[in-house]
Amino acid sequence: MKELVQYLAKSLVSNPDAVEVTETQNNGASVLELKVAKEDLGRIIGKQGRTAKSIRALLNAAGSRSNRRVVLEIVEEK
């Protein structure tokens, strides 16, 4: 799952070297935290959150094949 998010995010942003994905386990679910450069945050979220919803839908489809629950959190750098 982590590799899928990295591939999708690096394909969307203009600064692929700044993409960071960390995976943790929480209550039987995989939690993926995605960090990108501040100027690329809008590209990942998309208009009205459509891109983020699409990435989450892909993760849910991939997770359902292996009976895992996957949560994507997009983290904004401060």
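1. In this predicted model, helix α3 runs over residues 50-65, and its 16 residues, taken at 1.5 Å a residue, should span 22 Å; because the C-alpha atoms at its two ends lie 23 Å apart, the expected span and the modelled one agree.

2. Which residues of α3 are buried? They are Ala52, Ile55, Leu59 and Gly63, and because the arc they cover around the axis is only 70°, they sit on the same side of α3. This can be read against the general geometry of an α-helix, which has 3.6 residues a turn, so that residues three or four places apart point the same way.

3. The two faces of α3 can be described in turn. On the face turned away from the buried side are the exposed residues Arg50, Lys53 and Arg65, whereas the buried residues of α3 pack against α1 (2-12), β2 (29-35), α2 (41-45) and β3 (69-75).

4. The largest nonpolar core has 16 residues, and those with the most contacts inside it are Val5, Val19, Leu32, Leu34, Val36, Leu59 and Leu72. Two or more residues of this core come from each of α1, β2, α2, α3 and β3, and the element that gives the most is α1, with three residues. Leu59, already listed among the buried residues of α3, is thus also one of the residues with the most contacts inside the core.

5. Leu72 deserves a separate look. If residues up to four places away in sequence are not counted, Leu72 touches Val5, Leu32, Leu34, Ile55, Arg56 and Leu59; among these, Ile55 and Leu59 are buried residues of α3.

6. Is Asp40, in the loop between β2 and α2, buried or exposed? Asp40 has a relative accessible area of 1%, and because buried means under 20%, Asp40 is buried. Leaving aside residues up to four places away in sequence, Asp40 touches Val13, Ser14 and Asn15.

7. Two loop residues should be checked for their backbone angles, since most residues other than glycine have a negative phi. Gln48, in the loop between α2 and α3, has a positive phi of about 55° although it is not a glycine, and with a relative accessible area of 68% Gln48 is exposed.

8. The other is Asn67, which comes just after α3 and belongs to the loop between α3 and β3. Asn67 is likewise not a glycine, and its phi is positive, near 55°; at 73% relative accessibility, Asn67 counts as exposed.

Notes. Residues are numbered from 1 along each chain as its sequence is written. This is a predicted model: local features need pLDDT of at least 70, side-chain atom pairs count only at pLDDT 80 or more; totals for chains, interfaces and linings use all residues. Side-chain values use heavy atoms; hydrogens and water are left out. Helices (H or I, at least four residues) and strands (E, at least two) are DSSP runs, numbered from the N terminus. The expected span of a helix is 1.5 Å times one less than its number of residues. Buried means under 20% relative accessible area, exposed over 50%, partly exposed in between (1.4 Å probe, protein chains only). The arc is that of the directions from the helix axis to the C-beta atoms. Contact means heavy atoms within 4.5 Å. A nonpolar core is a set of buried Ala, Val, Leu, Ile, Met, Phe, Trp, Tyr and Cys residues joined through side-chain atoms within 4.5 Å.
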